[in-house]
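Me: I should like to learn how to read the features of a protein model one at a time. Could we work through an example together?

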Amino acid sequence: MSDGKNPTGDGSGIDAEHIGGALLGKRYVDDASGLEVLCTKAGHGRLALDGAVLEIKAAKPLPSSD
């Protein structure tokens, strides 16, 4: 993570290529490094590691309850 250009948190310091938003309560993963993060505060910028955008982790299917 890096600080934006404008410390007020209004999203004005985010480069246009990184605008996309981080969703509160979602887990983001980078398969190459094994990194997994939980978003605890929503924001305007996308989460990335070494220039690669982190993907939202898919939910595991629940077992059937037959």
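**Reading a predicted model**

Reply: Let us begin with a side-chain pair: the side chains of Glu36 and Lys57 make a polar contact of 3.1 Å. Please keep in mind throughout that this is a predicted model.

Me: Which other side chain is joined to that of Glu36 by a polar contact?

Reply: A polar contact is a pair of N or O atoms within 3.5 Å. The side chain of Arg27 is joined to that of Glu36 in this way, at 3.5 Å.

Me: Which residues does Glu36 touch, leaving aside those up to four places away in sequence?

Reply: Touching rests on heavy atoms within 4.5 Å. With those up to four places away set aside, Glu36 touches Arg27, Tyr28, Val29 and Lys57. Glu36 itself belongs to strand E3. Its C-alpha atom is separated by 9.5 Å from that of Ile56, a residue 20 places away along the chain.

Me: Why is Glu36 classed as partly exposed?

Reply: The class between buried and exposed runs from 20% to 50% relative accessible area. Glu36 is partly exposed because its relative accessible area is 37%.

Me: How does one read the sheet, and what is the order of its strands?

Reply: One asks which strands pair, and then in which direction. Here an open sheet of three strands has the order E3-E2-E7, and the pairing is antiparallel. Strand E3 (35-38) and strand E7 (55-56) are the edge strands, each pairing on one side only. Between E2 and E7, which run antiparallel, there are two bridges. Val29, for example, has Glu55 in E7 as its bridge partner.

Me: Is Asp30 buried or exposed, and how far away is the nearest side chain of opposite charge?

Reply: For a charged residue, one reads burial together with the charges around it. Asp30, placed in strand E2 (residues 27-30), is buried yet has no salt bridge. Arg46 has the nearest side chain of opposite charge, 13 Å away. Beyond residues up to four places away in sequence, Asp30 touches Leu35, Leu49 and Leu54.

Me: How should the whole chain be summarised, and how many helices and strands does the protein have?

Reply: One moves from elements to totals. The protein has seven strands and zero helices, giving the pattern β-β-β-β-β-β-β along the sequence. Of its 66 residues, 14% count as buried. The accessible surface is about 5,400 Å², with 53% belonging to carbon and sulfur atoms. Of the contacts between residues at least 6 apart in sequence, 40% join residues at least 24 apart.

How values were computed: Residues numbered from 1 in each chain as written. Predicted model: local features only at pLDDT ≥ 70, side-chain atom pairs only at ≥ 80, totals over all residues. Heavy atoms only, no water. Helix = DSSP H or I, 4+ residues; strand = E, 2+ residues; numbered from the N terminus. Buried < 20%, exposed > 50% of the residue type's maximum accessible area, 1.4 Å probe, protein only. Areas by Shrake-Rupley, 256 points an atom, 1.4 Å probe, with all protein chains shown as cover. Lys, Arg positive; Asp, Glu negative; His and termini not counted. Salt bridge = Lys/Arg side-chain N within 4 Å of Asp/Glu carboxyl O. Pairing = 2+ DSSP bridges. Polar contact = N/O pair within 3.5 Å; in protein donor to acceptor, adjacent residues only side chain to side chain.
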